[in-house]
Amino acid sequence: MDFELSEHHQILQSSLREFFAREVAPHARRWDEEERFPTELVPKLAEMGLLGVRIPEAYGGSAMDTLSYAIAVEEAARVDGSLALTIASHNGLGTGHILAFGTEEQKQRYLPKAASGEWLAAWALTEPGSGSDSAGLATTAVRDGDHWVLNGTKMFITQGSVGGFCVVLARTNKEAPKQRGITAFVVDHGTPGFRASKHLLKLGMRSSDTAELTLENVRVHDSARVGEVDRGFIDTMKILDRGRVSIAALSLGLGSAVIDMAVGYAKDRKQFGKSISEFQAVQWMLADSKVEMDAARWLVWRAASLADQGRPYSREASMAKLFASEAASRACNRALQIHGGYGYTREFAVERHLRDAKLCEIGEGTSEVQRLVIAKHALAG
Ligand SMILES: Cc1cc2nc3c(=O)[nH]c(=O)nc-3n(C[C@H](O)[C@H](O)[C@H](O)COP(=O)(O)OP(=O)(O)OC[C@H]3O[C@@H](n4cnc5c(N)ncnc54)[C@H](O)[C@@H]3O)c2cc1C
(Lines give C-alpha, C1' and ligand atoms only; values in the text may rest on other atoms or scores of the structure.)
Protein backbone atom coordinates (compact mmCIF):
# COMPACT_ATOMS: atom_id res chain seq x y z
CA MET A 1 0.00 0.00 0.00
CA ASP A 2 1.29 3.46 -0.84
CA PHE A 3 1.09 5.90 2.04
CA GLU A 4 2.17 9.07 0.34
CA LEU A 5 -0.37 11.68 1.43
CA SER A 6 -2.74 13.06 -1.19
CA GLU A 7 -2.56 16.77 -1.95
CA HIS A 8 -5.71 17.26 0.10
CA HIS A 9 -4.15 15.57 3.15
CA GLN A 10 -0.90 17.49 2.70
CA ILE A 11 -2.75 20.82 2.67
CA LEU A 12 -4.67 19.83 5.79
CA GLN A 13 -1.43 18.81 7.50
CA SER A 14 0.38 22.06 6.75
CA SER A 15 -2.56 24.31 7.66
CA LEU A 16 -3.04 22.49 10.98
CA ARG A 17 0.69 22.61 11.73
CA GLU A 18 0.59 26.36 11.22
CA PHE A 19 -2.60 26.71 13.35
CA PHE A 20 -1.25 24.72 16.30
CA ALA A 21 2.13 26.50 16.15
CA ARG A 22 0.35 29.87 16.29
CA GLU A 23 -2.53 29.25 18.68
CA VAL A 24 -1.30 26.47 20.97
CA ALA A 25 2.49 26.21 21.11
CA PRO A 26 3.01 29.54 22.94
CA HIS A 27 0.58 28.51 25.71
CA ALA A 28 0.96 24.72 26.10
CA ARG A 29 3.58 24.86 28.85
CA ARG A 30 1.52 27.32 30.93
CA TRP A 31 -1.68 25.28 30.55
CA ASP A 32 0.25 22.20 31.70
CA GLU A 33 1.66 24.02 34.73
CA GLU A 34 -1.75 25.41 35.65
CA GLU A 35 -3.30 21.95 35.11
CA ARG A 36 -6.18 23.82 33.52
CA PHE A 37 -8.37 22.93 30.55
CA PRO A 38 -8.01 25.81 28.04
CA THR A 39 -11.69 26.65 27.56
CA GLU A 40 -10.71 29.81 25.66
CA LEU A 41 -9.36 27.68 22.81
CA VAL A 42 -12.63 25.83 22.17
CA PRO A 43 -14.15 28.37 19.70
CA LYS A 44 -10.93 28.36 17.64
CA LEU A 45 -10.88 24.56 17.54
CA ALA A 46 -14.49 24.62 16.33
CA GLU A 47 -13.67 27.21 13.68
CA MET A 48 -10.93 24.91 12.35
CA GLY A 49 -13.43 22.06 12.14
CA LEU A 50 -11.58 20.12 14.82
CA LEU A 51 -14.61 19.45 17.03
CA GLY A 52 -16.73 17.90 14.30
CA VAL A 53 -13.99 16.03 12.52
CA ARG A 54 -16.08 13.05 11.43
CA ILE A 55 -19.52 14.67 11.72
CA PRO A 56 -21.30 15.07 8.36
CA GLU A 57 -21.68 18.60 7.04
CA ALA A 58 -25.47 18.33 7.40
CA TYR A 59 -24.96 18.42 11.19
CA GLY A 60 -22.37 21.21 11.03
CA GLY A 61 -19.30 18.97 10.98
CA SER A 62 -16.27 18.87 8.72
CA ALA A 63 -16.81 15.28 7.53
CA MET A 64 -13.16 14.29 7.42
CA ASP A 65 -11.99 10.75 6.77
CA THR A 66 -10.10 8.71 9.36
CA LEU A 67 -6.71 9.54 7.85
CA SER A 68 -7.47 13.27 8.17
CA TYR A 69 -8.57 12.67 11.75
CA ALA A 70 -5.25 10.90 12.48
CA ILE A 71 -3.34 13.78 10.88
CA ALA A 72 -5.26 16.32 13.00
CA VAL A 73 -4.52 14.47 16.24
CA GLU A 74 -0.85 14.00 15.29
CA GLU A 75 -0.42 17.69 14.49
CA ALA A 76 -2.05 18.74 17.78
CA ALA A 77 0.17 16.32 19.73
CA ARG A 78 3.34 17.76 18.21
CA VAL A 79 2.81 20.83 20.40
CA ASP A 80 0.36 19.71 23.11
CA GLY A 81 -0.50 16.12 24.04
CA SER A 82 -3.34 17.25 26.31
CA LEU A 83 -5.06 19.14 23.52
CA ALA A 84 -4.63 16.18 21.20
CA LEU A 85 -6.29 13.97 23.81
CA THR A 86 -9.21 16.41 24.01
CA ILE A 87 -9.64 16.35 20.22
CA ALA A 88 -9.30 12.55 20.08
CA SER A 89 -11.72 11.74 22.87
CA HIS A 90 -14.31 14.38 21.97
CA ASN A 91 -14.47 13.30 18.34
CA GLY A 92 -13.75 9.61 18.62
CA LEU A 93 -15.52 8.53 21.78
CA GLY A 94 -18.49 10.62 22.97
CA THR A 95 -19.42 12.17 19.62
CA GLY A 96 -18.32 9.06 17.72
CA HIS A 97 -20.71 6.85 19.69
CA ILE A 98 -23.70 9.04 18.82
CA LEU A 99 -22.58 9.38 15.21
CA ALA A 100 -22.26 5.61 14.81
CA PHE A 101 -25.18 4.32 16.86
CA GLY A 102 -27.45 7.27 17.77
CA THR A 103 -30.96 7.92 16.52
CA GLU A 104 -31.67 10.71 14.05
CA GLU A 105 -33.17 12.72 16.93
CA GLN A 106 -29.98 12.26 18.98
CA LYS A 107 -27.79 13.23 16.04
CA GLN A 108 -29.77 16.43 15.53
CA ARG A 109 -29.64 17.29 19.21
CA TYR A 110 -25.96 16.56 19.94
CA LEU A 111 -23.85 16.67 16.78
CA PRO A 112 -24.29 20.37 15.82
CA LYS A 113 -23.55 21.42 19.42
CA ALA A 114 -20.51 19.12 19.50
CA ALA A 115 -19.17 20.49 16.20
CA SER A 116 -19.64 24.12 17.30
CA GLY A 117 -17.95 23.48 20.64
CA GLU A 118 -21.05 24.51 22.58
CA TRP A 119 -21.04 21.05 24.15
CA LEU A 120 -17.86 19.00 24.51
CA ALA A 121 -18.38 15.26 24.63
CA ALA A 122 -17.33 12.77 27.30
CA TRP A 123 -17.56 8.99 27.20
CA ALA A 124 -17.75 6.91 30.35
CA LEU A 125 -16.82 3.25 30.27
CA THR A 126 -14.12 2.87 32.96
CA GLU A 127 -15.05 2.50 36.63
CA PRO A 128 -13.04 2.27 39.86
CA GLY A 129 -13.41 -1.52 39.78
CA SER A 130 -13.31 -2.16 36.02
CA GLY A 131 -10.57 -0.88 33.68
CA SER A 132 -9.02 -3.49 31.40
CA ASP A 133 -11.92 -5.76 32.30
CA SER A 134 -14.27 -3.08 31.03
CA ALA A 135 -17.22 -5.45 30.57
CA GLY A 136 -17.11 -6.01 34.34
CA LEU A 137 -18.66 -2.59 34.94
CA ALA A 138 -21.03 -2.19 37.88
CA THR A 139 -23.02 0.96 36.97
CA THR A 140 -26.65 -0.06 36.56
CA ALA A 141 -29.53 1.24 34.48
CA VAL A 142 -32.93 -0.04 35.63
CA ARG A 143 -36.03 0.42 33.51
CA ASP A 144 -38.89 2.42 35.05
CA GLY A 145 -41.71 2.75 32.52
CA ASP A 146 -40.50 5.03 29.70
CA HIS A 147 -37.42 5.95 31.71
CA TRP A 148 -34.18 4.43 32.97
CA VAL A 149 -32.58 5.08 36.36
CA LEU A 150 -28.77 5.06 36.40
CA ASN A 151 -26.54 4.52 39.46
CA GLY A 152 -22.78 4.10 39.70
CA THR A 153 -19.34 5.71 39.55
CA LYS A 154 -17.17 6.29 36.49
CA MET A 155 -13.40 6.84 36.66
CA PHE A 156 -10.82 8.74 34.55
CA ILE A 157 -13.40 10.39 32.29
CA THR A 158 -11.89 12.83 29.80
CA GLN A 159 -13.98 16.05 29.57
CA GLY A 160 -15.78 14.68 32.66
CA SER A 161 -16.05 18.16 34.24
CA VAL A 162 -16.06 20.37 31.16
CA GLY A 163 -18.24 18.29 28.85
CA GLY A 164 -21.80 19.19 27.86
CA PHE A 165 -22.92 15.58 27.54
CA CYS A 166 -21.59 12.15 28.30
CA VAL A 167 -22.24 8.73 26.79
CA VAL A 168 -22.46 6.36 29.77
CA LEU A 169 -22.18 2.57 29.59
CA ALA A 170 -24.34 0.82 32.16
CA ARG A 171 -25.44 -2.72 32.99
CA THR A 172 -29.03 -3.40 31.98
CA ASN A 173 -29.07 -7.18 32.30
CA LYS A 174 -27.42 -8.96 35.22
CA GLU A 175 -28.44 -12.42 34.04
CA ALA A 176 -26.78 -12.24 30.58
CA PRO A 177 -23.05 -12.92 29.99
CA LYS A 178 -21.29 -9.71 31.08
CA GLN A 179 -20.52 -8.44 27.56
CA ARG A 180 -24.14 -8.90 26.48
CA GLY A 181 -25.95 -7.00 29.20
CA ILE A 182 -24.60 -3.46 28.75
CA THR A 183 -26.41 -0.46 27.20
CA ALA A 184 -25.26 3.07 26.29
CA PHE A 185 -27.15 6.22 27.37
CA VAL A 186 -26.45 9.86 26.64
CA VAL A 187 -26.69 12.04 29.74
CA ASP A 188 -26.69 15.85 29.60
CA HIS A 189 -24.58 17.65 32.14
CA GLY A 190 -26.88 19.26 34.65
CA THR A 191 -29.17 16.23 34.81
CA PRO A 192 -30.08 15.80 38.50
CA GLY A 193 -27.86 13.21 40.21
CA PHE A 194 -25.13 13.39 37.54
CA ARG A 195 -21.98 15.16 38.67
CA ALA A 196 -18.21 15.29 38.38
CA SER A 197 -17.25 14.28 41.90
CA LYS A 198 -13.47 14.65 41.62
CA HIS A 199 -11.01 16.43 39.33
CA LEU A 200 -8.01 14.08 39.01
CA LEU A 201 -4.40 15.35 39.19
CA LYS A 202 -2.09 13.49 36.81
CA LEU A 203 1.54 12.84 35.80
CA GLY A 204 0.92 14.16 32.29
CA MET A 205 -1.92 15.24 30.01
CA ARG A 206 -2.41 17.86 32.71
CA SER A 207 -4.48 20.35 30.75
CA SER A 208 -6.83 17.62 29.55
CA ASP A 209 -9.77 17.43 31.95
CA THR A 210 -10.03 14.06 33.71
CA ALA A 211 -12.77 13.47 36.29
CA GLU A 212 -14.50 10.89 38.39
CA LEU A 213 -18.25 10.94 37.74
CA THR A 214 -21.04 9.96 40.09
CA LEU A 215 -24.51 8.90 38.97
CA GLU A 216 -27.08 8.90 41.75
CA ASN A 217 -30.58 7.97 40.62
CA VAL A 218 -30.02 9.72 37.29
CA ARG A 219 -33.32 9.53 35.43
CA VAL A 220 -33.25 9.58 31.63
CA HIS A 221 -35.97 8.95 29.06
CA ASP A 222 -35.69 5.88 26.82
CA SER A 223 -34.97 8.33 23.96
CA ALA A 224 -31.54 8.86 25.63
CA ARG A 225 -30.62 5.24 24.98
CA VAL A 226 -27.89 5.04 22.31
CA GLY A 227 -28.14 1.82 20.34
CA GLU A 228 -30.03 -1.33 21.21
CA VAL A 229 -30.66 -2.57 24.74
CA ASP A 230 -27.86 -4.91 25.93
CA ARG A 231 -25.73 -4.25 22.80
CA GLY A 232 -23.74 -1.33 24.18
CA PHE A 233 -20.56 -3.27 24.78
CA ILE A 234 -20.46 -4.68 21.27
CA ASP A 235 -20.84 -1.11 19.92
CA THR A 236 -18.16 0.04 22.37
CA MET A 237 -15.57 -2.31 20.88
CA LYS A 238 -16.12 -0.65 17.48
CA ILE A 239 -15.75 2.80 19.03
CA LEU A 240 -12.49 1.73 20.66
CA ASP A 241 -11.03 0.53 17.33
CA ARG A 242 -11.16 4.03 15.87
CA GLY A 243 -10.18 5.49 19.26
CA ARG A 244 -7.03 3.38 19.25
CA VAL A 245 -6.03 4.77 15.85
CA SER A 246 -6.30 8.28 17.32
CA ILE A 247 -4.19 7.42 20.39
CA ALA A 248 -1.63 5.89 18.03
CA ALA A 249 -1.68 9.14 16.02
CA LEU A 250 -1.26 11.10 19.24
CA SER A 251 1.83 9.00 20.04
CA LEU A 252 3.14 9.70 16.56
CA GLY A 253 2.86 13.47 17.12
CA LEU A 254 4.67 13.35 20.46
CA GLY A 255 7.42 11.02 19.19
CA SER A 256 8.01 12.94 15.96
CA ALA A 257 8.16 16.30 17.75
CA VAL A 258 10.78 15.19 20.27
CA ILE A 259 13.02 13.89 17.48
CA ASP A 260 12.97 17.38 15.93
CA MET A 261 13.70 18.90 19.36
CA ALA A 262 16.59 16.46 19.96
CA VAL A 263 18.11 17.09 16.52
CA GLY A 264 18.00 20.86 17.06
CA TYR A 265 19.48 20.60 20.54
CA ALA A 266 22.19 18.12 19.53
CA LYS A 267 23.40 20.43 16.76
CA ASP A 268 23.55 23.45 19.09
CA ARG A 269 25.01 21.92 22.23
CA LYS A 270 28.80 21.74 22.37
CA GLN A 271 30.86 19.51 24.67
CA PHE A 272 34.52 18.47 24.38
CA GLY A 273 34.93 21.18 21.75
CA LYS A 274 32.35 19.84 19.32
CA SER A 275 28.64 19.60 18.74
CA ILE A 276 27.19 16.60 20.62
CA SER A 277 25.52 15.59 17.31
CA GLU A 278 28.99 14.45 16.25
CA PHE A 279 29.08 11.77 18.94
CA GLN A 280 28.02 8.41 17.62
CA ALA A 281 26.16 7.57 20.84
CA VAL A 282 23.86 10.54 20.22
CA GLN A 283 23.46 9.71 16.53
CA TRP A 284 22.39 6.17 17.38
CA MET A 285 19.69 7.39 19.71
CA LEU A 286 18.37 9.65 16.95
CA ALA A 287 18.56 6.85 14.39
CA ASP A 288 16.64 4.39 16.59
CA SER A 289 13.89 6.94 17.24
CA LYS A 290 13.66 7.85 13.55
CA VAL A 291 13.25 4.22 12.47
CA GLU A 292 10.67 3.48 15.14
CA MET A 293 8.53 6.56 14.49
CA ASP A 294 8.58 5.91 10.72
CA ALA A 295 7.47 2.33 11.34
CA ALA A 296 4.77 3.67 13.68
CA ARG A 297 3.57 6.08 10.99
CA TRP A 298 3.06 3.22 8.54
CA LEU A 299 1.07 1.27 11.11
CA VAL A 300 -1.10 4.28 12.00
CA TRP A 301 -1.81 5.29 8.42
CA ARG A 302 -2.47 1.67 7.42
CA ALA A 303 -5.10 1.31 10.16
CA ALA A 304 -6.68 4.67 9.22
CA SER A 305 -6.74 3.76 5.52
CA LEU A 306 -8.37 0.40 6.23
CA ALA A 307 -11.04 2.17 8.29
CA ASP A 308 -11.66 4.57 5.40
CA GLN A 309 -12.04 1.66 2.98
CA GLY A 310 -14.65 0.08 5.27
CA ARG A 311 -12.41 -2.95 5.81
CA PRO A 312 -11.79 -4.66 9.18
CA TYR A 313 -9.03 -2.89 11.12
CA SER A 314 -9.39 -3.95 14.74
CA ARG A 315 -6.10 -5.89 14.77
CA GLU A 316 -4.30 -3.14 12.82
CA ALA A 317 -5.62 -0.46 15.24
CA SER A 318 -4.24 -2.41 18.20
CA MET A 319 -0.90 -2.95 16.43
CA ALA A 320 -0.64 0.76 15.64
CA LYS A 321 -1.50 1.81 19.18
CA LEU A 322 0.80 -0.71 20.84
CA PHE A 323 3.82 0.06 18.68
CA ALA A 324 3.37 3.82 18.34
CA SER A 325 2.77 4.43 22.06
CA GLU A 326 5.75 2.40 23.23
CA ALA A 327 7.96 3.84 20.47
CA ALA A 328 6.89 7.38 21.45
CA SER A 329 7.87 6.78 25.07
CA ARG A 330 11.26 5.46 23.97
CA ALA A 331 11.74 8.44 21.62
CA CYS A 332 10.85 10.87 24.44
CA ASN A 333 13.26 9.14 26.83
CA ARG A 334 16.09 9.29 24.29
CA ALA A 335 15.34 12.92 23.41
CA LEU A 336 15.43 13.86 27.09
CA GLN A 337 18.75 12.02 27.45
CA ILE A 338 20.16 14.00 24.52
CA HIS A 339 19.06 17.23 26.25
CA GLY A 340 20.99 16.13 29.39
CA GLY A 341 20.20 18.11 32.56
CA TYR A 342 18.38 20.78 30.57
CA GLY A 343 15.92 18.14 29.36
CA TYR A 344 15.09 17.39 32.96
CA THR A 345 13.97 20.99 33.50
CA ARG A 346 10.66 22.48 32.41
CA GLU A 347 12.48 24.92 30.12
CA PHE A 348 12.20 22.35 27.34
CA ALA A 349 8.99 20.68 26.17
CA VAL A 350 10.62 17.28 26.01
CA GLU A 351 9.81 16.46 29.67
CA ARG A 352 6.13 17.34 29.09
CA HIS A 353 6.00 15.15 26.00
CA LEU A 354 7.57 12.28 27.98
CA ARG A 355 4.88 12.61 30.68
CA ASP A 356 2.13 12.84 28.06
CA ALA A 357 3.44 9.86 26.07
CA LYS A 358 3.09 7.50 29.03
CA LEU A 359 -0.70 7.90 28.91
CA CYS A 360 -0.74 6.49 25.38
CA GLU A 361 0.45 3.13 26.76
CA ILE A 362 -2.52 3.11 29.18
CA GLY A 363 -5.61 4.90 27.80
CA GLU A 364 -8.13 3.11 25.51
CA GLY A 365 -6.61 -0.23 26.47
CA THR A 366 -3.17 -0.75 27.99
CA SER A 367 -0.26 -2.19 26.00
CA GLU A 368 -0.98 -5.53 27.65
CA VAL A 369 -4.60 -5.44 26.43
CA GLN A 370 -3.41 -4.56 22.89
CA ARG A 371 -1.09 -7.58 22.99
CA LEU A 372 -4.05 -9.76 24.03
CA VAL A 373 -6.11 -8.47 21.08
CA ILE A 374 -3.27 -9.01 18.59
CA ALA A 375 -2.51 -12.50 19.96
CA LYS A 376 -6.20 -13.43 19.76
CA HIS A 377 -6.18 -12.54 16.04
CA ALA A 378 -2.89 -14.41 15.51
CA LEU A 379 -4.15 -17.55 17.22
CA ALA A 380 -7.43 -17.46 15.31
CA GLY A 381 -5.62 -17.21 11.98
C1 LIG B 1 -5.74 10.39 31.48
C2 LIG B 1 -6.73 9.28 31.29
C3 LIG B 1 -7.86 9.49 30.50
C4 LIG B 1 -8.82 8.48 30.35
N5 LIG B 1 -9.99 8.74 29.67
C6 LIG B 1 -10.99 7.84 29.70
C7 LIG B 1 -12.28 8.17 29.17
O8 LIG B 1 -12.50 9.27 28.64
N9 LIG B 1 -13.28 7.25 29.28
C10 LIG B 1 -13.08 6.03 29.85
O11 LIG B 1 -14.03 5.24 29.90
N12 LIG B 1 -11.86 5.68 30.36
C13 LIG B 1 -10.81 6.56 30.31
N14 LIG B 1 -9.60 6.23 30.85
C15 LIG B 1 -9.42 4.92 31.46
C16 LIG B 1 -8.42 4.01 30.74
O17 LIG B 1 -9.01 3.50 29.57
C18 LIG B 1 -8.03 2.90 31.76
O19 LIG B 1 -7.17 3.53 32.72
C20 LIG B 1 -7.33 1.74 31.11
O21 LIG B 1 -8.22 1.02 30.29
C22 LIG B 1 -6.72 0.78 32.15
O23 LIG B 1 -7.62 0.48 33.17
P24 LIG B 1 -7.14 0.61 34.70
O25 LIG B 1 -6.55 1.96 34.86
O26 LIG B 1 -8.28 0.26 35.59
O27 LIG B 1 -5.97 -0.46 34.87
P28 LIG B 1 -6.14 -2.02 35.20
O29 LIG B 1 -7.09 -2.65 34.28
O30 LIG B 1 -6.36 -2.18 36.66
O31 LIG B 1 -4.68 -2.55 34.85
C32 LIG B 1 -3.58 -2.47 35.76
C33 LIG B 1 -2.43 -3.26 35.12
O34 LIG B 1 -2.81 -4.65 34.97
C35 LIG B 1 -2.66 -5.03 33.61
N36 LIG B 1 -3.67 -6.02 33.23
C37 LIG B 1 -5.01 -5.96 33.47
N38 LIG B 1 -5.63 -7.03 32.95
C39 LIG B 1 -4.66 -7.76 32.32
C40 LIG B 1 -4.66 -8.98 31.57
N41 LIG B 1 -5.78 -9.65 31.32
N42 LIG B 1 -3.47 -9.43 31.10
C43 LIG B 1 -2.33 -8.74 31.32
N44 LIG B 1 -2.26 -7.60 32.01
C45 LIG B 1 -3.42 -7.10 32.51
C46 LIG B 1 -2.82 -3.73 32.83
O47 LIG B 1 -2.27 -3.84 31.53
C48 LIG B 1 -2.08 -2.75 33.73
O49 LIG B 1 -0.71 -2.84 33.51
C50 LIG B 1 -8.61 7.20 30.96
C51 LIG B 1 -7.45 6.99 31.71
C52 LIG B 1 -6.53 8.00 31.90
C53 LIG B 1 -5.32 7.73 32.76
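How many of the 37 residues of α7 are buried? Keep that in mind for a second, and remember as we go that this is a predicted model.

Okay, α7. This helix covers residues 232-268, and 28 of its 37 residues are buried, so we can call α7 mostly covered. Its length works out too: at 1.5 Å a residue you'd expect a span of 54 Å, and the end C-alpha atoms are indeed 54 Å apart.

Just ahead of α7 there's a loop coming from β8, and D230 sits in that loop. D230 has a positive phi, near 70°, and it's not a glycine. With 16 C-beta neighbours inside 10 Å, D230 counts as partly exposed.

Q159 also has a positive phi, about 65°, and again it isn't a glycine. You'll find Q159 in the loop between β3 and β4. This residue is buried, because 27 other C-beta atoms lie within 10 Å and the cut-off is 20 or more.

Now over to α5, residues 81-101. Here 20 of the 21 residues are buried, so the rest of the structure largely encloses this helix. Also, α5 bends by about 50° at T95. Its ends are 28 Å apart, against an expected 30 Å, which agrees.

Last stop: α9 and α11. Their axes come within 9 Å and cross at roughly 145°, and the crossing is left-handed. On the α9 side, the contact includes M319 and L322, while α11 brings in V373 and I374, among others. By class, that contact has four nonpolar, five polar and four charged residues.

Definitions and conventions:
Residues are numbered from 1 along each chain as its sequence is written. This is a predicted model: local features need pLDDT of at least 70, side-chain atom pairs count only at pLDDT 80 or more; totals for chains, interfaces and linings use all residues. Helices (H or I, at least four residues) and strands (E, at least two) are DSSP runs, numbered from the N terminus. The expected span of a helix is 1.5 Å times one less than its number of residues. The bend at a residue is the angle between axes fitted to the seven residues ending there and the seven starting there. A residue is buried if 20 or more other C-beta atoms lie within 10 Å of its own, exposed if 12 or fewer, and partly exposed in between; C-beta atoms are placed from the backbone. Axes are lines fitted to C-alpha atoms, for helices over the stretch in contact, and angles run from 0 to 180 degrees between N-to-C directions. A crossing is left-handed if the near helix is turned anticlockwise from the far one by less than a right angle, and right-handed if clockwise. Two residues are in contact if their C-beta atoms, placed from the backbone, lie within 7 Å. Ala, Val, Leu, Ile, Met, Phe, Trp, Tyr, Cys and Pro count as nonpolar, Asp, Glu, Lys and Arg as charged, and the others, Gly among them, as polar.
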